[in-house]
Amino acid sequence: MRRAPLLAAVALVLAAAAAVFFASQAEGKRQRHATPGNLGSVFGDAHGGDTILLASGDYGTFAGGAKKSTVTIKAAPGARATIQLELSKAAHLRFEGLTVAGAKLRAPTHDITIARSRFTAAAQIDATQMVGADIVLDRDIFSGIDVCSDCFEGRVTVHGRQGQRRPVGVTVQNSLFNGGGNSDGIQVGAYGVRVLHNEFTGIHMVDEVHTDAIQLYGQSHTVIRGNYIHNAASGIMAPDGTSHELIEENVIRTDGRPSAITIGSDDSSIVRRNTLPGGRCDYHQSCGILTIDAGNEGVPSRGTVVEDNVLGGLTVGDGSQLGAKRGNLIGRAARGRHHGVGAPAGVGPMR
């Protein structure tokens, strides 16, 4: 009977193969350690699945590079690492738990996530050549950021070009915009940008710079969903033309401009299930007004759908015509048990 030795040999071979497999898996997901002096070389040696842990320090400007699968760059436990990102040919990178002293991203950069980080200067995403780039800002903090002399007006700005017909693939979600500063929260100027479940608070005009929580300029097909805007002078400002935007499930409580959402020269956008409480705003007017008009372009809005909102007021002017108006509670009808305000479920940074 030689079956037992044969089975034992087979078991040894399988065990050896398994050991090689798991060793290779472990090798493909290594933790590497970097300092301000050697991040470049450590990053160059990293492979998909690796995590680079940064020691405390200032890492200056980092251009990254393209990896075949995700490499994570994060602060080591207890470390405070500061980095400035200028990514133009980077791919499959995740930055986490860092102090980001400004970020500039442009094509062909793709598959980039910046998460759980604190920005001390603006993030600018040049999406003019992006299609489905999968750029995500998630659970970040943008506190007290001012407009600089050579940057756009948003703490996050996504700018594109006219004639874009496909989503650029940029998402800003679960993040907090607060702490003063004269820059807008988010400025969107590209096709299909998604602004999801963020909180905007303490954003007011502090000098001659006009400050909005969310400004749309040169964009279309934006998704603005589940955001909480409060203690802010202005909510969603889009007087320069809108097209097929989706604005839904937001709570916007302004204390400055009566118009919490302003849409101008619109083509077939949808505004639904938002809560815009009334109250007293500037010029002794009610807060929480949804304004739909001809905007700065002077072209009346057409086809806008307004449904299932709680509004302090609704103004449709300059010859604009709605595509549909149904299920809204407006002005006095919005009072009583329908008049409360609270953040949408899941809003804000989750740390």
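This report looks at two pockets and one buried residue in a predicted model.

Residues are counted from 1 along each chain as its sequence is written. In this predicted model, local features need pLDDT of at least 70 and side-chain atom pairs count only at pLDDT 80 or more, while totals for chains, interfaces and linings use all residues, and side-chain values use heavy atoms, leaving out hydrogens and water.

**The pockets**

A pocket here is an open set of points on a 1 Å grid over the protein atoms alone, where a 1.4 Å probe fits, with protein on both sides within 12 Å along at least five of seven lines; lining residues have an atom within 4 Å of a point. Volume is the space filled by probe spheres set on the points.

| Pocket | Volume | Lining residues |
|---|---|---|
| Largest | about 370 Å³ | 18 residues |
| Second largest | about 220 Å³ | 14 residues |

So who sits closest to the centre of the largest pocket? That would be Gln 162, Gly 218, Gln 219, Ser 220 and Ser 243. Strands E22 (242-243) and E26 (266-267) each give two or more residues to this lining; strands are DSSP runs of E, at least two residues, numbered from the N terminus.

For the second largest pocket, the closest to the centre are His 159, Gln 187, Gly 189, Tyr 217 and Gly 218. Strands E12 (154-159) and E15 (184-189) each supply at least two lining residues there.

**A buried isoleucine**

Ile 263 belongs to strand E25 (residues 259-264). Ile 263 counts as buried (under 20% relative accessible area, 1.4 Å probe, protein chains only) because its relative accessibility is 2%. Beyond neighbours within four places in sequence, its contacts (heavy atoms within 4.5 Å) include Ala 238, Ile 247 and Val 271.

How values were computed:
Helix = DSSP H or I, 4+ residues; strand = E, 2+ residues; numbered from the N terminus. Buried < 20%, exposed > 50% of the residue type's maximum accessible area, 1.4 Å probe, protein only.
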